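Biologist: I should like to learn how the features of a structural model are read. Please take me through them in order.
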Amino acid sequence: MIDLRSDTVTRPTSAMRQAMHEAEVGDDVWSEDPTVRRLEEMTAERLGKATALFMPSATQSNLAALLTHCARGDEVIVGQQAHNYLFEGGGAACLGGIQSQPIHQEADGTLDLEKVKALLKPDDFHYARSRLLSLENTTWGKILPAGYVARARTFADQHGLKMHLDGARLFNASVASAVATATLAAPFDTITICLSKGLGAPVGSLLVGSEEFIEQAKRWRKMLGGGMRQSGIIAAAGIHALDHHVARLADDHANARRLEKGLEKFEGLAVEPTQTNMVLISYTDARCNGLIDFLRKRKILAGGYTGASLRLVTHLDVSADDVETVIRAFAEYFG
């Protein structure tokens, strides 16, 4: 099968499995796993922050960040299409008593800071306390524009807000924009990165920030069930990914552009340009209603992300030849 549903479907390579097999381990809850420590240190260094905390998933990492930044009754301002608002089960509200103030995201993934300003709550006991501004990079394959994050940082400082970045695909943004990961991360107080998407590890995420913040987040990780024991086995996969799978993200981006270009010619499809490893398609023709089933019969897996849209995601298990196969299948369907 050619699986384009998400980059989360990637499988560990043989070399990654070997690294996992040979990993030196200890009890990470007691901070005794040397492989986990190495992964945390190299991640913090690459993002230019003091330290990092290894977690099972980016959902848990985002949640631990919000729980550490915000007390019950506090508010996080977040994009209406952001992953940590839309796709993480309402954990901040359910488990933390944190109110999310969603705001419409612009086409490039940014939040209009004037609209954010209008939604900030006054210092009045009738309102939740606005504490945190949460951004995402990338959003649906789009990189936050250069200069925007710096303006957001200035805005946050002016209004007493902390800033968190859901950077699950931050390395995609770095490779596509040719901007160092530490530069992209610098304006944020905390950052989540994910190892199990384009980087190709089977599991794992890291929360990155100051030593004081991460020490508090470690308590939340324990409460959320994220305290793992001999987790160096999976941390080794993350180390291998950071050492070997970052630069190759450019291949995924090139394959996505090749797929984008190949699909633009079909009437009934509207292709929305992105910059990384996603191809976003809107249906403008009723014929598209059976497209996903048609592709599946040709051993191509695709998934819609809204009723009349399709998201195709390239990754390390999708080759240039696979892309050509997919384009031919579309040609057969629309022919």
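Biologist: How many salt bridges does a search of the whole structure find?

Modeller: Side chains of opposite charge can pair when their charged atoms come close. The criterion here is a side-chain nitrogen of Lys or Arg within 4 Å of a carboxyl oxygen of Asp or Glu, and the search of the whole structure yields 19 salt bridges. Please note that this is a predicted model, in which local features need pLDDT of at least 70 and side-chain atom pairs count only at pLDDT 80 or more, while totals for chains, interfaces and linings use all residues. Residues are numbered from 1 along each chain as its sequence is written, and side-chain values use heavy atoms, with hydrogens and water left out.

Biologist: Which residue forms a salt bridge with D7?

Modeller: The partner of D7 is R169, with the closest N and O atoms 2.7 Å apart. This pair links distant parts of the chain, 162 residues apart: D7 is in the loop between β1 (2-3) and α1, and R169 in the loop between β6 and α8 (170-177). Helices (H or I, at least four residues) and strands (E, at least two) are DSSP runs, numbered from the N terminus.

Biologist: Is D7 buried or exposed?

Modeller: Buried means under 20% relative accessible area, exposed over 50%, and partly exposed in between (1.4 Å probe, protein chains only). D7 has 0% relative accessibility and therefore counts as buried; R169, at 11%, is buried as well.

Biologist: Which residues are linked with D28 in a network of salt bridges?

Modeller: The network consists of D28, R37, E40 and R221. Within it, the side chains of D28 and R221 meet at 3.4 Å, N to O. D28 lies in the loop between α1 and α2 and R221 in helix α10 (residues 211-223), so the pair ties together parts that are 193 residues apart in sequence. D28 is buried, with a relative accessible area of 1%, and R221 is buried at 4%. In addition, a polar contact of 2.9 Å joins the side chains of D28 and R37. A polar contact is a pair of N or O atoms within 3.5 Å; within protein, one must be able to donate a hydrogen and the other to accept it, and residues adjacent in sequence count only if both atoms are side-chain atoms.

Biologist: With which side chains does the side chain of H164 make polar contacts?

Modeller: The side chain of H164 contacts that of N62 at 2.9 Å and that of T190 at 2.8 Å. H164 belongs to strand β6 (residues 162-166) and is buried at 0% relative accessibility.

Biologist: Which residues does L47 touch, not counting residues up to four places away in sequence?

Modeller: Contact means heavy atoms within 4.5 Å. On that basis L47 touches L170, F171, T181, A182, A185, I191, I193 and V208, residues up to four places away being excluded. L47 is in helix α2 (residues 34-47), and its relative accessibility of 0% counts as buried.

Biologist: How is the chain as a whole to be described?

Modeller: The chain has 14 helices and 13 strands. Its radius of gyration, taken over C-alpha atoms, is 20 Å, close to the 20 Å that the globule rule gives for 335 residues, so the chain is as compact as a globular protein of that length. That rule is 2.2 Å times the number of residues to the power 0.38. Of the 335 residues, 54% count as buried.
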